[in-house]
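Trainee: I have some questions about helices, cysteines and empty space. Can we go through them one at a time?

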Amino acid sequence: MKIIKSLLAGASLALVASVSQAATSGNTLATVDPEADRLALQSYFQKRFPKVAVSDYVNGIYALDAPSREQWQEIEEFPPYEFDVEEGEELFNTPFANGNSYADCFDNGGIGIRQNFPRWDEGQGQIVTLELAINQCREANGEKALGWKKGKIAKVSAYMAYTSRDNVFDLQIPNDEAKAAYLDGKQSFYARRGQLNMSCANCHVAGANILIRADLPGPTLGHVTHFPVFRSKWGELGTLQRRYGGCQKNVRGTPQKTQGEKFRNLEFFQTYMSNGLVVNGPGARK
Amino acid sequence: MAKGILRAKAKAKGGNTVVKIMAKHAMETGNRKDKSGNKIPANYIQTLTVAYQGKTVMETNMGTAISKNPYLAFTFVGGTKGDELEMTWTEITGATATETAKIK
Amino acid sequence: MMNRRSVLKAVFTGGLVAGLGVLMPRVALAAWSKAAFEAETQEAAMGALYEAAPSASVDVTLKAPDIAENGAVVPISVNSSLAGVTSIAIFVANNPQPLAAQFTIPEGTLANVSCRIRMGKTSAVTAVVTTDSGSFSASKEVKVTIGGCGG
Amino acid sequence: MNKTISLVAALMMVSAGVSAQSFDEAFNAQRAMYGKGHSFTFEGQTYTTDHPEEVAAAVEANADNAAKLLAAAKDQHAQVAAVDFGWTLTKNLLKASAKALASGDFRKSMDISAQAQYHARMGMVQYHQSQKEWVMAVPE
């Protein structure tokens, strides 16, 4: 918590400078400024919802809408994802046929590391999400890759997130290739798609907490911290990229490929925007 | 303890015990249809009884309107940390089991 | 079914008349009433459980959202300050089977329960609390909406 | 309070401030109000609210023309799919058009092809926009 507070103080000091910077943080590798983007987004939400602490954005729409928050808190009394975390732990600790296990593939035995994903992988030359790393781990040990969107992969990911709760996201952009991935993700975030001609930003920046029919879209700040998510609509756990595909379908666009480069870069951009916030996944949503 | 379908959080506090129970169960209503249009037969938990030291402290009868993964919270007077609660559930199919949870 | 229903009623009335409500109704209520749970109207469900229609009471508190986030999982809490509560039941008028749940409250258990219910559409939700001296209710309309994001 | 504003209104507010109406804006407004086949004037000139695809489809309904339009729509759809900006309903339109063509209902097939091609073309427009216009998207 302390870390969050000091980050906050830093953010508010840098506010004035960052806003004007954001306008010029461009769409070329030379001009894009991820840190300015992040601070501009924070300041945007702080201006719109002055009473909401930045650290509360990890709770998504529940940070902004009191009636939904009340119901969500009731649900969190005994969250529906608890079974999944339990099963995820079991899966995580079950050795592969070759005797290795997930723990062997990750730093710190895979415990408390959710905040480091997605990350730029120098060897692979691409962004690696936690789910991609899970399947790469399986394949490296002669196991079949899991389906990307739900079921076992979501459970393992949920358990890994659960062991990382309260750890602070601090994604790094170590080189220009990583920056290019960030830029690509940013582009996707602001690209209008589908018959409804909407971008992620339409609903989750300007449209946050504004009714779309009967739904209140959550703010993009803190959007990714609570994934994977047990969504009441799904009645089960699902990964962030399952939701990405769902959103793209909702605007009547053909969804992009799950764990394809576009979605991984988008996840990288979105998670970078939430740097400084804590892991609170898995979460429960409507 | 073999893992059943129930998870319970029971906390002794100020002379009372607050019990929260969730069951892993789809609670099929019998009103839903599968992809080929056939009715999915009803299969839901009908009763859930909680006993403490042989005395029933809560008895729940459930219908089709209870959500998937049913949740129940209540409070009874008494209860000591470390003691066990006995929880018995019965499905509409007749399946039944008793599971236990410790008061914390 | 008529048998169980009339037994129920008989025990209930008997309990009231003889003042044995402390013990008797509990035994009867413990049985899962097919007539009540499979009834397709709220009147029928209530008729299967209660001798007389419950009267509204300020001593019954029903906590439910104004607008449900998701009709599949609507958190509901009921509590009552009435003395001698023996059971609490929850009805959703517009559901295919309106009786959602029935809780038997033995002595020593507080008249305060929470659960999560399904609601097919906007409906009145009614909590009925039964005590030695009758049945009392509280109602609230809970709106169930169709979502914009693939809802 | 802000919740009573519809999202559409909110989005419009973001783009408000652009004063002069461009041709595209005028066209879209007229199209939204009157549908296709309506005439309007813009800066002294008269235009119709038809999409170019609809104009192209306003030729004699025969097997040859219908097949050509369907092929063009499929081609455009393949292009937009390649850049990952396709719309969900387009596939079914193409199927419906092919079905109408097979059953000899050329007019119907051509109208549906026009719609499908419009979808695919707009997807391409979105793709090109995404390459340049997203940068100012963090509202001030």
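Mentor: Start with a definition: the expected span of a helix is 1.5 Å times one less than its number of residues. Keep in mind that this is a predicted model.

Trainee: OK, what span does helix α5 of chain D reach from its first C-alpha to its last?

Mentor: Helix α5(D) covers residues 90-102, which is 13 residues, and reaches 18 Å between those two C-alpha atoms. That is close to the 18 Å expected at 1.5 Å a residue.

Trainee: Which residues of α5(D) are buried?

Mentor: Thr90(D), Leu93(D), Leu94(D), Ser97(D) and Ala100(D) are the buried residues of that helix. Seen down the axis of α5(D), they fall within an arc of 125 degrees, so they line one face.

Trainee: Why do residues three or four places apart point the same way?

Mentor: An α-helix has 3.6 residues a turn, so residues at that spacing point the same way.

Trainee: And what does the face turned away from the buried side of α5(D) carry?

Mentor: That face carries the exposed residues Lys91(D), Lys95(D), Lys99(D) and Ala102(D).

Trainee: Switching to cysteines. How many disulfides turn up over all chains?

Mentor: A search of the whole structure finds one. It joins Cys105(A) to Cys137(A), with an S to S distance of 2.0 Å. The pair links distant parts of the chain, 32 residues apart. Cys105(A) sits in the loop between α4 (82-93) and β1 (119-121) of chain A, and Cys137(A) is in helix α5(A), residues 130-140.

Trainee: Is that Cys105(A)-Cys137(A) disulfide right-handed or left-handed?

Mentor: The torsion about the S-S bond of Cys105(A) and Cys137(A) is about 70 degrees, so the disulfide is right-handed.

Trainee: Is Cys137(A) buried or exposed?

Mentor: Cys137(A) counts as buried because its relative accessibility is 3%. Its partner Cys105(A) counts as partly exposed, at 35%.

Trainee: What about Cys200(A), which cysteine sulfur is closest to its own?

Mentor: The closest is the sulfur of Cys247(A), 6.9 Å away, which is too far for a bond. The cut-off for a disulfide is 2.5 Å between the sulfur atoms. Cys200(A) is partly exposed at 26% relative accessibility, and Cys247(A) is also partly exposed, with a relative accessible area of 27%.

Trainee: Now the empty space. How many cavities of 30 Å³ or more does the structure hold?

Mentor: There are four. The largest contains about 80 Å³ of space.

Trainee: Which residues line that largest cavity?

Mentor: From chain A, the lining includes Tyr62(A), Gln71(A), Trp72(A), Ile75(A), Ser232(A), Ala284(A), Arg285(A) and Lys286(A). Chain C adds Glu69(C), Asn70(C), Val73(C) and Pro75(C). The elements giving two or more residues are α3 (66-77) and β5 (283-285) of chain A, and α3(A) gives the most, with three. By type, the lining residues divide into six nonpolar, three polar and three charged.

Trainee: And pockets, what volume does the second largest have?

Mentor: About 330 Å³. Of the 17 residues that line that pocket, the closest to its centre are Arg7(B), Ala8(B), Lys9(B), Ala101(B) and Lys104(B).

Trainee: Which elements give two or more residues to the lining of that pocket?

Mentor: They are α4 of chain A, together with β1 (6-13) and β7 (96-102) of chain B. The most come from β1(B), with six residues. The pocket lining divides into seven nonpolar, two polar and eight charged residues.

Note on methods
Residues numbered from 1 in each chain as written. Chains lettered and ligands numbered in written order. Predicted model: local features only at pLDDT ≥ 70, side-chain atom pairs only at ≥ 80, totals over all residues. Heavy atoms only, no water. 1 Å grid on protein atoms, 1.4 Å probe; cavity = no way out; pocket = protein on both sides within 12 Å on 5 of 7 lines; lining within 4 Å. Points joined across faces, edges and corners; volume = space filled by probe spheres on them. Helix = DSSP H or I, 4+ residues; strand = E, 2+ residues; numbered from the N terminus. Nonpolar A, V, L, I, M, F, W, Y, C, P; charged D, E, K, R; others polar. Buried < 20%, exposed > 50% of the residue type's maximum accessible area, 1.4 Å probe, protein only. Arc of directions from axis to C-beta.
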